[in-house]
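Ready to poke around inside a protein? Grab a pencil and have a look at the model below.

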Amino acid sequence: MIGRAAQVSFLLTFVYYVAALCPGAYWLDSSEFAAASYLLGVAHPPGHPLALIVGKAFTLLPLGPIAFRVGLGQAACGALAAALMTLCGARIASRMLDALGQPLGGPRGEALAAFIGLAAALCTSLGYAAAFQSMRPEVYALHRVLAVGSFLCLTYFDESRDRRYLLLAALLLGLGLANHHFLAILSTLPVPLVLLGERHGKARIIAGCFAAGAVGLLLYFYLPLRAAHHPLVNWGSPTTLSRIFWTVSAKAFQKSVKEPQPGDEDVVGAMIEGLHPVGAVLMAIGLYLLIRQRPTRGLGCYCLAAVGLVAGGRAVLGFDVANPDAYGYLVPAIDLAALCGCAGAAGLCALMMTMLLMLRAEQKGRLALSLACVLALLGAAHGGKSFARIDRSGFFDLDTLAGSWLAEAPPGSWLVSSYFQTVFALWYLQGVEGQRPDVLHLHPHFLPNPGYREDLLARHPDVADLGAVLGPRGLSMGPLLQARSRRPILVEYDLDTQEALLPYLYPHGLQESLEIGPGQALMGTRDAEAKRRRDEVAGRLDARDAETAKNLLWRGYLGMTLSCQQRDPGRFQAEYARIRRLLGQSKSPEIENLIRRCAP
C-alpha cells in the first residue's frame, strides 16, 4: 500500500508540473541554467555541476525546446521527491504509532501510514514553494530529491541502526554539495544528532560519512574540465585554483549576507503558507512527540535543528516574498516540517483510538483511516490551489522581448547589456537557439569576474579592437567610441552606465544606440520609432506574469531616468504613461520621487 501511495504521489505531481511547465526560457536564472546545461558550461557560483549534468541528460530527449527539456528534468526530480516524501512520511507515522502503543499492523495499519505520508507529500509538492521550482530550469527540485532522500535514509538508520543507510545519506548530501552547497551544508550540520543513541564507534562512523560525502564532491572536477573549453556560460572561468575558489566559494554573492531587517520574519509566514495552519500545528505536535520518545529523539532533534538552520539561512540572505527563488531555499525546511507533521497526525490518531474506549479495535482503525484520508484530501486541496499561481504553460515573454532585441540589431553590431536577466536571455537565444550569431554580446558588469575578458577574446579572436574596448573594470570610453565608427553598437542603459556615454545615447527600438552626433532631426525620428517599437513589444507581453511586469517596470523606470538625465521631456512622459498602465492604481515611491525631481 505504501509503495502504491508513492507511485500515486509521483504520477499526480509529475502531471501537475508538466501541465504548468514553461514551454521555453523563463526569467530569473532559468534561461541561464538551460543554456549552461545544453552547452555544458559553468553556471553562476558555485557552478552547480550536478544540476548541469542532469539538465544535459534531459536535453537529449526529443521533446520540444531545450529550455522545456531542462525544465522537464526538474519536473521529474520534483515528482520523485514527492514519492520519497510519501515513503518517509509513512515510515515516520508508522514508527510513531508503534511508539505510542497503538500499532495497527496489517493492511489497515499500512494504509493509515500511507495516507498520512501522502497528505504531507501532496500538501508540500503541489504548493507554490516546491511547485514553482519544478516547472522551469532550476536547481531546487533536484536539491529536494537529494534532501528528502537523505532524510529517508536517516530515518531508516535511526530505526534499524544499519550504518549503510547512514553512508547512503552522506553520499546524497555530498551530491547535494555539488548542486547547491549552501543548502546542503545546512542540512548536513545536524546529522551528528541522529547518532545520539550510538554508543560505540562514532568516530569511525563519522569518518565513513565524510568519505561517502567526498564522493559527491568529485563532481566539482567538472568545472575546470569544461571551463578550459571557453563555453559561452563560464562564470569565473575556473581553470586555476584561485578561480575555482572564486566560483565554488560564491565570492560574487557573499555580500548578500546582511544584518536582520524588517521583512525577514516573512520566512515564518512562508513556512506556514507551505504547510497550512493545520499542518503547522501538526508539525509542532510531531516535533514534541519525536523528541519526547527515546527511540526517535535523535531524529526529532535533527529535524528541529535542520528546519531552524535552513529557514534561518534564508533569513540571513533576506526574504523577498516576490522572489520565487527565496521560496526555493525554504523547500527543504518545509518538507522536514511536513514530515514532522506526519508524526503529529499519527499522534492524534493514537490519541483518538485511546479515548474511544467504547469502540472495538476494528472500528477505531477504520475511524483513524478515515481521518488520514481526509488529511490526504485536504493536503492535495491546499497544495493544488497554487496551480494558477505557478502555471506558465503559455509563457513566451522572454523569447518575445529578448528576441526583439536581437531582431532589431543591425548586422555585425555589438550589444552591450547591463541587466543580469538580459545576459541570461541572450546566452540562451544565441548559444542554444543560434539566433543572430553575427551580434557580439558584451556585459561590462562581468569584466571584474575572473576570465570573462579572456573568454570573450578567445571566442572572438578576429575582432581586432575588442581587446582595447574591454577594460579591467568596465568598457574603455575612447576605444568604444572608436569602435562605433566601424560598426553599430547598441547599449542597454542602466543606472551604472558611464556618465560620459550619456550624450552619445540615442533611442533605437528597445535599446539605445551609441552614436557620435546624428543630429536633432534623426533624434526626433528615432524617438517616434522607439516609442512605437516599445509599445508594440509591451503589447505582446503578458504583464500578468509577475517577473514580466517587474521587468517592464524596471525598463520603464530606466527610460524615465535616462530621459531625465538627457532633458528629454517627451520621452519622459511617454515612459511614464507606459509605467502608469502597468501600475494601475498602485503607487511606486521610486517613480514618484523621480517625477518630483525630473518632471517638466
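Here are three short exercises on this predicted model, each with a worked solution.

**Exercise 1.** Find the largest cavity and work out what lines it.

*Solution.* Start with the count: there are 5 cavities of 30 Å³ or more. The largest cavity has a volume of about 300 Å³. Next, look at its walls: 21 residues line the largest cavity, and the closest to its centre are Leu510, Arg534, Arg555, Gly556 and Glu575. Now sort the lining by type, and you get 11 nonpolar, 3 polar and 7 charged residues. Finally, ask who contributes: helix 24 (546–565) is among the elements that supply at least two residues each, and helix 24 gives the most, with 6.

**Exercise 2.** Decide whether helix 18 is mostly covered or mostly open.

*Solution.* Helix 18 spans 397–407 and also supplies at least two residues to the lining of the largest cavity. Go through the helix and tick off the buried residues, including Asp397, Trp405 and Leu406. You end up with 9 of 11 residues buried, so helix 18 is mostly covered.

**Exercise 3.** Work out which cysteines form a disulfide, and why Cys123 and Cys349 don't bond to their closest cysteines.

*Solution.* The structure holds 1 disulfide, joining Cys564 to Cys598 with an S to S distance of 1.9 Å. Cys564 sits in helix 24 and Cys598 in helix 26, 34 residues apart. Now try Cys123: its sulfur is 10.0 Å from the closest cysteine sulfur, in Cys342, so that's too far for a bond. For Cys349, the closest cysteine sulfur is in Cys373, 10 Å away, so again too far.

Key. Residues are numbered from 1 along each chain as its sequence is written. This is a predicted model: local features need pLDDT of at least 70, side-chain atom pairs count only at pLDDT 80 or more; totals for chains, interfaces and linings use all residues. Side-chain values use heavy atoms; hydrogens and water are left out. On a 1 Å grid over the protein atoms alone, a cavity is a set of points where a 1.4 Å probe fits but cannot get out, and a pocket is an open set with protein on both sides within 12 Å along at least five of seven lines; lining residues have an atom within 4 Å of a point. Grid points are joined across faces, edges and corners, and a volume is the space filled by probe spheres set on the points. Helices (H or I, at least four residues) and strands (E, at least two) are DSSP runs, numbered from the N terminus. Ala, Val, Leu, Ile, Met, Phe, Trp, Tyr, Cys and Pro count as nonpolar, Asp, Glu, Lys and Arg as charged, and the others, Gly among them, as polar. Buried means under 20% relative accessible area, exposed over 50%, partly exposed in between (1.4 Å probe, protein chains only). A disulfide is a pair of cysteine sulfur atoms within 2.5 Å.
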